[in-house]
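Me: I'd like to go through this one with you, a piece at a time. Could you start with a single residue and work outwards from there?

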Amino acid sequence: MYDYKEEAKEIKEELIRHRRYLHENPEIGLHLPNTKAYVIEQLKRYGYEPEEYGDSGIVALAGGKRPGKGFLMRADMDALPIQEETGAPYASKKDGCMHACGHDNHTAMLLGAAWLLKRHEEEIQGTIKLLFQPGEEILDGAKEMVEAGVLENPHVDAAMMIHVVAGTPVKEGTMGVFGPGASYSSSDWFRIDIQGKGGHGAMPNYTHNPLGAMCAIHQGIHEIMAEHRAPSDNCVMTVGEMHGGDTGNIIADSAFMRGTIRTFDEKVRTKLKEDLCTMTEYTAKAKGVTAKVTFGSNCPAVMVDKQVHASFLKSMQELLGEENTYDMRTVWGGAFSKASSSEDFSYIAEKVPSAVGWFFIGDSRNGYRYIGHHPKADFNDEYLYLGAAAYVKAGLDWLHGQEQA
């Protein structure tokens, strides 16, 4: 058995440099020209001939010299439109743009896995496909990669993703492995546009105020969640943005609000969207205005496969030790057996059997007090080499297990 941890430790400092360069130079969405150029340059240094998918997706192939199946490892590369407040020496150089979710760490870890896999390329029983993906934060990147054919040529039989976590009182360098079934929730962004009739604040009888309708619709959302849902539905619908009016003595002509729906079940997801549209239509009629719901960015829940999960869990127990590996169904009373956040890796997981892990590299007891998407969120990149080793160990073990089956 190879000691992938010790091998990966040889490039520990290089992975930190990768991460900090990417952190200083974040890019948002599907168009990541600098990030793409940097990743391609490093992959070529490691001996790969990377391929481009879509605008900024990158694929590198390891193995393929021995017969076997295909295994995909995904790292997302995009940042968030957040003004960084960490004060770190490697803080973002771009105003209003920050790697607040750890994707810089994911990219560095997968680059480390690429380096390590080159060392073991002759032993790979099949092919490992390394996917560097844009646009996860807008939930469009993985879908674009799938549509561009990333799961073929060569065919992918299974996949995995790892996401770094900070801001929790969990020992750094440990791995949580999600159990079979839904691991991340689905996501559906919605916008409700309300058209009323504006006018003078002193003469409301000549108007139809869209703000009153917006308040009633907002209350209706709470009633849908409180009165029309079973406790076992595990869903949430929230509004995070409401706009209407410009000054206190003018009744606005129109208003809008935006929010998200998150569920772990497709039937619940469909019913919630139907209920929102119905409630909005009739509440608007009762208020003498019109209102329309439109749905934007979306993705299904991330489904974990039983067999790939079992292989991943065993691999992490062997690599990190059982004391440093968590089955997310059993720890903390099952509080994190599912993540209510969303992940566009779901578009890959709905096509091929997949596994999902959380890599804890930011213990709140050690000063990493902020979770992802916070302007002060940061991660302990001293452990990136372990993340690289985790990718490699999981992928090679799964391929070897398929050869023996």
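**Contacts of Q125**

Reply: This is a predicted model, and a useful place to begin is Q125, which touches R66, P67, G68, K69, L399, H400 and E403 when residues up to four places away in sequence are not counted.

Me: Where is Q125 found?

Reply: Q125 belongs to the loop that runs between α4 (103–119) and β4 (126–133).

Me: And is Q125 buried or exposed?

Reply: Q125 has a relative accessibility of 12%, and it counts as buried because that value is under the 20% limit.

Me: Which side chain does the side chain of Q125 join in a polar contact?

Reply: The partner is H400, and the polar contact between the two side chains is 2.8 Å; H400 is also one of the residues that Q125 touches.

Me: Switching to G63, how far is it from Q125?

Reply: In sequence G63 and Q125 are 62 residues apart, while in space their C-alpha atoms are 7.3 Å apart. G63 is part of strand β2 (residues 57–63), and it is in contact with E121, I124 and G126, leaving aside neighbours within four places in sequence.

Me: Buried or exposed, for G63?

Reply: G63 counts as buried, since its relative accessibility is 17% and the limit for that label is under 20%.

Me: OK, the core now. Which residues touch the most other members of the largest nonpolar core?

Reply: Those are L117, I128 and L130, in a core that has 59 residues. Helix α10 (residues 384–404) gives the most to this core, contributing 12 residues. Apart from it there is another core of 32 residues, which includes L131, V156, V165 and Y347.

Me: What is L117 in contact with?

Reply: Without its neighbours within four places in sequence, L117 is in contact with Y48, A62, M73, I124, I128, L130, V392 and L396. One of these, I124, is also a contact of G63.

Me: Last topic, helix packing. At what angle do α3 and α4 pack?

Reply: Helix α3 (residues 33–45) packs against α4 at about 20°, and the two axes are 10 Å apart. Angles under 35 degrees count as roughly parallel, so α3 is roughly parallel to α4. The contact is made by V39, Q42 and L43 from α3, together with T107, L111 and A114 from α4.

Me: Is that crossing left-handed or right-handed?

Reply: The crossing of α3 and α4 is right-handed.

Technical notes:
Residues are numbered from 1 along each chain as its sequence is written. This is a predicted model: local features need pLDDT of at least 70, side-chain atom pairs count only at pLDDT 80 or more; totals for chains, interfaces and linings use all residues. Side-chain values use heavy atoms; hydrogens and water are left out. Helices (H or I, at least four residues) and strands (E, at least two) are DSSP runs, numbered from the N terminus. Buried means under 20% relative accessible area, exposed over 50%, partly exposed in between (1.4 Å probe, protein chains only). A polar contact is a pair of N or O atoms within 3.5 Å; within protein, one must be able to donate a hydrogen and the other to accept it, and residues adjacent in sequence count only if both atoms are side-chain atoms. Contact means heavy atoms within 4.5 Å. A nonpolar core is a set of buried Ala, Val, Leu, Ile, Met, Phe, Trp, Tyr and Cys residues joined through side-chain atoms within 4.5 Å. Axes are lines fitted to C-alpha atoms, for helices over the stretch in contact, and angles run from 0 to 180 degrees between N-to-C directions. Angles under 35 degrees count as roughly parallel, over 145 as roughly antiparallel, 65 to 115 as roughly perpendicular and the rest as oblique. A crossing is left-handed if the near helix is turned anticlockwise from the far one by less than a right angle, and right-handed if clockwise.
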